[in-house]
Amino acid sequence: MFGRLRTFIGFDNSLPEGGDSETSLSDSYAELNGFLFGATSSQFDSWLNSAGRVINDDVISYGGRMTHQVSYTADFRYGVSTIIGLEQGEETEDQDYRTNGRMPHVVGGLKYRMGWGEFGAVIGRDSNTKELVSKVRLDTWWGDDWSGFVMAGYQPDSEKPDFFGSWDGSYAGWAGVSAGLWPSIVINSQVAYVETGTYSLALNMDYELGPGILITPEIAYSSYGEDTYSAKDALMGIVSFLVSF
């Protein structure tokens with residue numbers, strides 16, 4: 001009568017070396033007929049599908065903090081869809097991004113899907129800073145095996161701690177390509193850059209060992225530019241094992 005009801009609850013578990021196991025709630029929300037209620041990543045992140053298909057896709061953050069929220073998504077003809085949402089914000093170790101008044105943070109977005117790709121835009125207004133932060137993204141795909149994206153973000157005042165503008169500097173950019181070279185192997189890459197001079201490069205390979213078994217080795221290099229890190233450069237390697245059943 002009212003449409004399909006979908007609920008989702010997710011948990012993250014970590015076991016730091018020499019420490020105790022830590023479990024935290026990552027998602028808890030319900031969806032009904034275009035409405036979403038609960039706690040999950042900000043629509044400023046989710047509406048544009050985060051960034052690329054690499055593991056280290058957020059060395060330059062694209063704004064996807066956990067938050068309580070309510071949103072509504074509407075799908076129209078000719079591949080057009082929109083979203084509007086109200087969000088509380090999140091408190092981190094360094095900053096409290098939660099709304100401090102009666103007015104919540106507001107996020108809105110637009111998408112246009114075509115046969116060869118998709119264009120999306122999203123705007124977020126932090127009710128504390130009163131600033132508008134924006135991102136745009138273009139996705140393209142060539143057949144079933146190749147795809148690419150480019151995304152850019154802008155915030156007018158990077159000196160103000162803003163819930164949506166989580167990158168350093170006024171502007172930032174992300175781009176990537178995924179290539180299916182064989183039926184069981186996909187190569188994914190991403191580059192990212194921010195105004196302060198920090199940039200990051202990542203390359204991985206998704207290898208489907210068998211049904212429901214995915215192995216992903218990845219290498220990533222980051223240069224931190226003007227950021228105040230003790231190390232100006234970092235090289236990291238990681239291997240991910242994902243089993244679905």
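Two strands are said to pair if DSSP finds at least two bridges between them. Strands themselves are DSSP runs of E with at least two residues, while helices are runs of H or I with at least four residues, and both are numbered from the N terminus. With those terms in hand, consider strand β13 and strand β14 (residues 233-243): eleven bridges join them, and the two run antiparallel.

Before I continue, a word on the source. This is a predicted model, in which local features need pLDDT of at least 70 and side-chain atom pairs count only at pLDDT 80 or more, whereas totals for chains, interfaces and linings use all residues. Residues are numbered from 1 along each chain as its sequence is written, and side-chain values use heavy atoms, with hydrogens and water left out.

Let me now give the overall picture. The protein chain contains one helix and 14 strands. Of its 245 residues, 36% count as buried; buried means under 20% relative accessible area, exposed means over 50%, and partly exposed lies in between, with a 1.4 Å probe and protein chains only. The chain exposes about 14400 Å², and carbon and sulfur atoms supply 57% of that area. Such areas come from the Shrake-Rupley method with a 1.4 Å probe, and for residues only the protein chains shown count as cover. A contact means heavy atoms within 4.5 Å. Among contacts between residues at least 6 apart in sequence, 45% join residues at least 24 apart.

I return to the strands at the end of the chain. In the pairing of β13 with β14, P217 stands opposite V239 in β14. On the other side of the discussion is β12, which is joined to β13 by nine bridges, again antiparallel. Here A202 stands opposite A220 in β13. What lies between β12 and β13 in their hairpin? There are two residues between them, and G212 in the turn has a positive phi of about 80°. As a general point, side chains in a regular strand alternate between the two faces of the sheet.

The next topic is aromatic rings. Rings of Phe, Tyr and Trp (for Trp, its six-membered ring) pair if their centres lie within 6.5 Å; planes under 30 degrees apart count as stacked, over 60 as edge-to-face, and the rest as tilted. A search of the whole structure finds eight aromatic pairs. One of them is formed by Y97 and F163, a tilted pair with 6.4 Å centre to centre and 50° between the planes. This pair links distant parts of the chain, 66 residues apart: Y97 is in the loop between β5 (80-87) and β6 (105-113), and F163 is in the loop between β9 (146-154) and β10 (171-182). Are Y97 and F163 buried or exposed? Both Y97 and F163 are buried.

A second pair brings us back to the hairpin. The ring centres of Y199 and Y221 are 6.2 Å apart and their planes stand at 55°, so this pair is tilted. Y199 is in strand β12 (residues 199-210) and Y221 in strand β13 (residues 213-223), 22 residues apart. Y199 counts as partly exposed because its relative accessibility is 32%, and Y221 counts as partly exposed at 29%.

Ring pairs also link F44, Y97, F163 and F164 into a cluster. In addition, R65 lies over the face of Y97, at 4.1 Å from the ring centre. A charge sits over a ring if NZ of Lys or CZ of Arg is within 6 Å of the ring centre and within 35 degrees of the ring normal. K111 is placed over the face of W47 in this way, at 4.5 Å from the ring centre.

Finally, I turn to salt bridges. A salt bridge is a side-chain nitrogen of Lys or Arg within 4 Å of a carboxyl oxygen of Asp or Glu. How many salt bridges does the structure hold? The structure holds six. Among them, R6 bridges to E31, with the closest N and O atoms 2.3 Å apart. R6 lies in strand β1 (residues 5-14) and E31 in strand β2 (residues 22-32), so the pair ties together parts that are 25 residues apart in sequence.

R98 has a salt bridge with E91, where the closest N and O atoms are 3.1 Å apart, and another with D96, where that distance is 2.9 Å. Salt bridges that share partners thus join E91, D96 and R98 into one network.
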